Amino acid sequence: MNGATHASSGAVKEDRLWQRHADMAKLGGTPKGGVNRQALSPEDAAARNLLASWAKARGFSVSTDAIGNLFVRREGTDAHADPVMSGSHMDSQPTGGRFDGMYGVLAAFEALEALEDAKAKTKRPVIAVAWTNEEGSRFQPGAMGSAVFAQRYELDEMLQQKDWKGVVLKEALAETLKAAPAPMRTGLPGFALAGYVEAHIEQGPRLENEKKTIGVVTAIQGSRRYIVTVDGEEAHAGTTPRAARKDAYAAATRIASAMYEATTDKDDTLRFTIGRVEVSPGSPNTVPGKAVFTIDMRHPDNDVLAAHEKKLYDIVKSKAAPCPASIERVTNVPPTNFDTGVIDLVRDAANNLKLTNMDMPSGAGHDAMHIATLCPAGMIFVPCERGISHNEIENATPSDLAAGTRVLVEVLEKLANR
Ligand SMILES: [Zn+2]
């Protein structure tokens, strides 16, 4: 590797990329500096129009598909070669930040512009994509557009989803595409890809704490959710001696504290959360007759999740007496392990560009987890201030955003020429 190979990544313009973030942040901008640009809202349509106008100004083609994913395409020299793709989402949480998702879309678009400015020829077309409804805050489930593209969710079922006001997604999508028209792709929702790379802010504090600029994302952790139910016996709080009590909440706390202990791993990778506890009948002077709590557990390694699941089940059995208790698994989303070839390309590009970097799994889910089922895929993380995300004060620096984009350009160029 030498300096001459950096022509395209050297064409990344930090100011242009930062200005595009500022322009997009006005669409659904909130007084606290964040955005409220929920999926298939008028603000989402405005963002689509703005991206499409920039694309047309550069001579890139724009198209959409049946779930509203937006594609910006720069042609390659071989019109029949499967394209490589990069992008993320433009929708936000109701009190979201200006970088979550939008960075990945704008980094991909900047990559197209940098290739154009460097007059780089690639064999394969390169596509910047904005996936529909990643956040899942208005319409459930999240990461919908990428999941439909990957044929993991049924298009027809998704079109029938309703928001909390009862608006059907199909109608919101039609409104959006009327306000932000783009040529419709025909055929199946998805098409063949030669590779996919998604840039995203980290949404956690590790890069900042370790003073690294680039996160080489190796995996998206798997998650499992459980409900624990403990049955007790309601009794008078003043008159019932300890030996006669079947206190459901006391048993639940014994179970919970044993679980916290069993899930405290040395390297702090396992995530264990009890986020909701319900105690009934909920009277201050009645011994609780029932306690129900939820568990959310995440880790990048499915074997670790399985081993800890067994521990959780054993604890429920051993710590509940004298109360009967049960545990039920309600969801199981396996981890995504990114393609080792793409992981290596990301790490090599960061090293070539002399950017500090570290391998890391993603704590949050991303569109890349669905696209990784279609083609070799990976992700690039850049730091965000204090790891704060899903918050209007979410922040990142222009130079980190540009650094991640330079890595992205190098990786896309390699993928698009092989
Ligand atoms: Zn996101």
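**Reading the terms in this model**

Reader: What makes D296 and R298 a salt bridge?
Author: The closest N and O atoms of D296 and R298 are 2.9 Å apart. A salt bridge requires a side-chain nitrogen of Lys or Arg within 4 Å of a carboxyl oxygen of Asp or Glu, so the pair qualifies. The model is predicted: local features need pLDDT of at least 70 and side-chain atom pairs count only at pLDDT 80 or more, while totals for chains, interfaces and linings use all residues. Residues are numbered from 1 along each chain as its sequence is written, and side-chain values use heavy atoms, with hydrogens and water left out.

Reader: Why is D296 called buried or exposed?
Author: D296 has a relative accessible area of 14%. Buried means under 20%, exposed over 50% and partly exposed in between (1.4 Å probe, protein chains only), so D296 is buried. Its partner R298, at 24%, falls in the intermediate class and is therefore partly exposed.

Reader: How do you know that the pair R20 and E113 links distant parts of the chain?
Author: R20 lies in helix α1 and E113 in helix α3, 93 residues apart. Helices here are DSSP runs of H or I with at least four residues, strands are runs of E with at least two, and both are numbered from the N terminus. The side chains of R20 and E113 meet at 3.1 Å, N to O. R20 is buried at 14% relative accessibility, and E113 is buried at 2%. Both residues also belong to a network of salt bridges that includes K13, R16, R58, E110 and D117. The structure holds 21 salt bridges.

Reader: What places D163 and R138 in distant parts of the chain?
Author: D163 is in the loop between α5 and α6, and R138 is in the loop between β4 and α4, 25 residues apart. Their closest N and O atoms are 2.9 Å apart, which makes the pair a salt bridge. D163 counts as buried at 8%, and R138 counts as buried at 17%.

Reader: How do you know that the length of helix α2 agrees with its number of residues?
Author: The expected span is 1.5 Å times one less than the number of residues. For the 16 residues of α2 (residues 42-57) this gives 22 Å, and the end C-alpha atoms are 23 Å apart, which agrees. Buried residues of α2 include A47, R48, L51 and W54. The buried residues of this helix pack against α1, β1, β2, α3 and α6. Just after α2, G59 takes a positive phi of about 80 degrees.

Reader: What is the largest nonpolar core made of?
Author: The largest core has 80 residues, and L51, V72, M85, M90, Y196, I214 and V407 have the most contacts inside it. Helix α3 (residues 102-117) gives the most to this core, with 11 residues. The term denotes buried Ala, Val, Leu, Ile, Met, Phe, Trp, Tyr and Cys residues joined through side-chain atoms within 4.5 Å. A second, separate core has 24 residues, including V228, A248, L270 and I315. In soluble globular proteins, nonpolar side chains tend to be buried together.

Reader: Which residues touch M24?
Author: Contact means heavy atoms within 4.5 Å. Leaving out residues up to four places away in sequence, M24 touches R37, A47, L50, L51, W54, M90, M102 and L106. M24 is found in helix α1 and, at 1% relative accessibility, counts as buried.

Reader: What makes Y249, V277 and V279 a patch?
Author: Patches are made of residues with over 30% relative accessible area and no salt bridge; like charges are joined within 9 Å, and nonpolar side chains (Val, Leu, Ile, Met, Phe, Trp, Tyr) within 5 Å. Y249, at 40%, exceeds the area threshold and is partly exposed. Together the three residues have about 240 Å² of accessible area. Y249 lies in helix α8 (residues 248-262).

Reader: What is omega at the bond of Q140 and P141?
Author: Omega is about -10 degrees, and the peptide bond is cis. P141 lies in the loop between β4 and α4. The bond from S280 to P281 is cis, with omega near 10 degrees. Most residues other than glycine have a negative phi, and most peptide bonds are trans. Q151 has a positive phi near 55 degrees.

How values were computed: Accessible areas come from the Shrake-Rupley method with a 1.4 Å probe; for residues, only the protein chains shown count as cover.
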